[in-house]
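Here's a quick walk through how the helices of this model sit against one another, and where a pocket shows up. Have a look at the structure first.

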Amino acid sequence: MLSPLTNREAVLSSKIEGTQATVDEVLEYEAGMEFDEHKVHDIQEVVNYRKTLTLASEAIAKGPITLWLIRQMHSTLMNTVRGERKSPGAIPR
């Protein structure tokens, strides 16, 4: 029941970063529809955002927010998208 709301939240929040993908495009992509490379990157950012929301909500339900969780969330957000080569999940010293 929360999945449509999570999809919409992921799309709207990703637009702040300049990502251009719709809920329909995300669903079509996940159903196997093909898109051009630029659109796939935008859709993947939305998918990563949604995965991160799920990861965070499940982890927080089990316990406190930890450094491990923050690093894991960042790594999930950056997986295969812009910034993936900038040490996802790492904290600079």
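## Helix 3 against helix 4

Let's start with one helix pair: helix 3 and helix 4 run roughly antiparallel to each other, because their axes cross at roughly 160° and angles over 145 degrees count that way. Those axes come within 8 Å, and the crossing is right-handed.

On the helix 3 side, the contact uses Asn-48, Tyr-49, Lys-51, Thr-52, Leu-55, Ala-56, Ala-59 and Ile-60. Helix 4 answers with Leu-69, Gln-72, Met-73, Thr-76, Leu-77 and Met-78. Sorted by class, that contact comes to nine nonpolar, four polar and one charged residues.

## The overall picture

Keep in mind that this is a predicted model. Its secondary structure comes to four helices and zero strands, so to speak an α-α-α-α pattern when read along the sequence. The C-alpha atoms fit a box of roughly 35 × 35 × 25 Å along the principal axes.

## Helix 1 against helix 3

How do helix 1 and helix 3 lie relative to each other? They're oblique, because the axes cross at roughly 125°. The axes come within 9 Å, and helix 1 passes helix 3 in a right-handed crossing.

Helix 1 brings Thr-6, Asn-7, Glu-9, Ala-10, Val-11, Ser-13 and Ser-14 to this contact, while helix 3 offers Glu-45, Val-46, Tyr-49, Arg-50 and Leu-53. The class split here is five nonpolar, four polar and three charged residues.

## Helix 2 against helix 3

Helix 2 covers residues 23–30 and helix 3 covers residues 37–62. Their axes come within 10 Å and cross at roughly 90°, which means helix 2 is roughly perpendicular to helix 3.

From helix 2, the residues in contact are Glu-25, Val-26, Tyr-29 and Glu-30. Their partners on helix 3 are Lys-39, Val-40, Ile-43, Gln-44, Val-46, Val-47 and Arg-50. That gives six nonpolar, one polar and four charged residues in the contact. Val-46 and Arg-50 of helix 3 turn up here and also in the contact with helix 1.

## The largest pocket

If you're after a site to probe, the largest pocket has a volume of about 200 Å³. Which helices each supply at least two residues of its lining? They are helix 1 (3–15), helix 3 and helix 4 (67–78).

The lining consists of Ser-13, Ser-14, Glu-17, Thr-19, Glu-45, Tyr-49, Leu-77, Met-78, Val-81 and Arg-82. By class, it has four nonpolar, three polar and three charged residues.

Some of these names have come up already. Tyr-49 lines the pocket, belongs to the contact of helix 3 with helix 4 and also takes part in the one between helix 1 and helix 3. Ser-13, Ser-14 and Glu-45 of the lining are part of the helix 1 and helix 3 contact, whereas Leu-77 and Met-78 of the lining sit in the contact of helix 3 with helix 4.

Notes:
Residues numbered from 1 in each chain as written. Predicted model: local features only at pLDDT ≥ 70, side-chain atom pairs only at ≥ 80, totals over all residues. Heavy atoms only, no water. Axes fitted to C-alpha atoms, helices over the stretch in contact; angles between N-to-C directions. Parallel < 35°, antiparallel > 145°, perpendicular 65-115°, else oblique. Contact = heavy atoms within 4.5 Å. Nonpolar A, V, L, I, M, F, W, Y, C, P; charged D, E, K, R; others polar. 1 Å grid on protein atoms, 1.4 Å probe; cavity = no way out; pocket = protein on both sides within 12 Å on 5 of 7 lines; lining within 4 Å. Points joined across faces, edges and corners; volume = space filled by probe spheres on them. Left-handed = near helix turned anticlockwise from the far one by under 90°.
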